[in-house]
Amino acid sequence: MRAAVLHEIGQDKLEILDDVEATGFGPGRVRIRVRATGLCHSDLSAMAGVLPQPAPFVPGHEGAGEILEVGEGVTNVKPGDRVVVCWLPACGACPACKRGQTELCLAGFMNAGTPNFKRPGGDVFGFAGTGTFTEEVVVDAGCAVPIPDDVPFDIAALIGCGVTTGLGAALNTADVEAGSSVAVIGCGGVGISAIQGARLKGAAEIVAVDPVASRREAALKFGATRAVSPDELPDAKQTVTAGEGFDYVFEVVGRSATARTAYDNTRRGGTLVVVGAGAMDDYLQLNMFELFFDEKRILPSMYGGGDVLRSYERTVALWRAGRIDLEGLITHRVPLSDINEALDQMRTGVALRTCIEI
């Protein structure tokens, strides 16, 4: 079957190969025919080595498709079911799951160290234990979440990561208060979803911050009240908050420099929500006095900071009701054979989300 493979960490191009085989099928596992997958910035981060990932590997973790085959003991899905791929399934038995913090379950991360594929030359891993830039993938049954028949595959794919992450950051992690002021730094697919979440919660002012003009224009269509470049943020802070700082600032880039900017633009007693996935050697520096004196809350948000399955269901309900726009997030569509074009669209910032149709 065909799959897009990165041979070595640090390469910036994927190779489309037709000699890849999905492996690992057996009890408790399912085989999925991937129909659509989104390109998330985390895929680029893994390719660059920012996020840890063994190589060679098949990127992609934001996918949807249909069940081809189920292993012994699988009862949650059957062949023919439409599913979204969940890259962070909850085991239901670990301490985090028992506390209700299923987004912190480590079971899914354990899958990342086991190859999902093979070629004549050896094993191939799947990013985050999945790997959706391929025609088929074998994953644990918990990674296959059934979706209603009225949810198109491309919409379902977005729910698998970016939308759940951004919406959840605003709805779950921050629990944005109605009438508040919000700034979102980084307005790709995840940042736009955070903007939509803040709008749903009734934020009075939502300032979108991004260096790319097309993303700033898009942010206004999705609910931002104003959109500025990073250089214009100080003026926006002065205009919107009289210089005090925003009630909530979402960092959706994953770099210490933008996290520091987010901290500095959060008002005393306000909330900084860290959504972007960054590198292990990129340190955010804060001094002990400002931590104490400013009393700003720093809230990391992992995968939207809530129960993933409930978040999926909520997103579908909001989309059906017309409360959120998911179709508009897909600004580009390419076949798997043009995956490197999609990578360029992400790197240059011209795309909010590119859907790879398989």
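## The second largest pocket

Helix α11 gives the most to the lining of the second largest pocket, putting in 5 residues. Keep in mind as you look around that this is a predicted model.

The second largest pocket has a volume of about 310 Å³. Its lining is made of 22 residues, and the closest to the pocket centre are Val-145, Pro-146, Val-308, Leu-309 and Tyr-312. If you want to find the walls by element, look for β11 (144-146), α4 (153-159) and α11 (308-320), the elements that give two or more residues to this lining. Sorted by class, the lining has 17 nonpolar residues, 3 polar ones and 2 charged ones.

## Glu-313 on α11

Stay on helix α11 for a moment, since Glu-313 sits there too. Is Glu-313 buried or exposed? Its relative accessible area is 57%, so Glu-313 is exposed, because the cut-off for exposed is over 50%.

Glu-313 also makes a nice example of chain folding back on itself in space: Pro-148 is 165 residues away in sequence, yet the two C-alpha atoms are 9.7 Å apart.

## A nonpolar patch on the surface

Over on the surface, Leu-106, Phe-109 and Met-110 make a nonpolar patch of about 330 Å². One of these, Leu-106, belongs to the loop between α2 (95-98) and α3 (107-111). Leu-106 has 53% relative accessibility, so it counts as exposed.

## Backbone oddities in the loops

A little background first: most residues other than glycine have a negative phi, and most peptide bonds are trans. Here are some exceptions to look up in the model.

Which peptide bond is cis? The one from Ala-55 to Pro-56, where omega is near 0°. Pro-56 is in the loop between α1 (41-48) and β5 (57-58).

Then there is phi. Asp-175 is not a glycine, but its phi is positive, at about 50°. You'll find Asp-175 in the loop that runs between α5 (162-174) and β12 (181-185). With 43% relative accessibility, Asp-175 counts as partly exposed, because that value falls between the 20% and 50% cut-offs. Glu-295 also has a positive phi, near 50°, and is likewise a residue other than glycine. Its place is the loop between α10 (288-294) and β17 (297-300). Glu-295 counts as exposed because its relative accessibility is 61%.

Definitions and conventions: Residues are numbered from 1 along each chain as its sequence is written. This is a predicted model: local features need pLDDT of at least 70, side-chain atom pairs count only at pLDDT 80 or more; totals for chains, interfaces and linings use all residues. Side-chain values use heavy atoms; hydrogens and water are left out. On a 1 Å grid over the protein atoms alone, a cavity is a set of points where a 1.4 Å probe fits but cannot get out, and a pocket is an open set with protein on both sides within 12 Å along at least five of seven lines; lining residues have an atom within 4 Å of a point. Grid points are joined across faces, edges and corners, and a volume is the space filled by probe spheres set on the points. Helices (H or I, at least four residues) and strands (E, at least two) are DSSP runs, numbered from the N terminus. Ala, Val, Leu, Ile, Met, Phe, Trp, Tyr, Cys and Pro count as nonpolar, Asp, Glu, Lys and Arg as charged, and the others, Gly among them, as polar. Patches are made of residues with over 30% relative accessible area and no salt bridge: like charges are joined within 9 Å, nonpolar side chains (Val, Leu, Ile, Met, Phe, Trp, Tyr) within 5 Å. Accessible areas come from the Shrake-Rupley method with a 1.4 Å probe; for residues, only the protein chains shown count as cover. A salt bridge is a side-chain nitrogen of Lys or Arg within 4 Å of a carboxyl oxygen of Asp or Glu. Buried means under 20% relative accessible area, exposed over 50%, partly exposed in between (1.4 Å probe, protein chains only).
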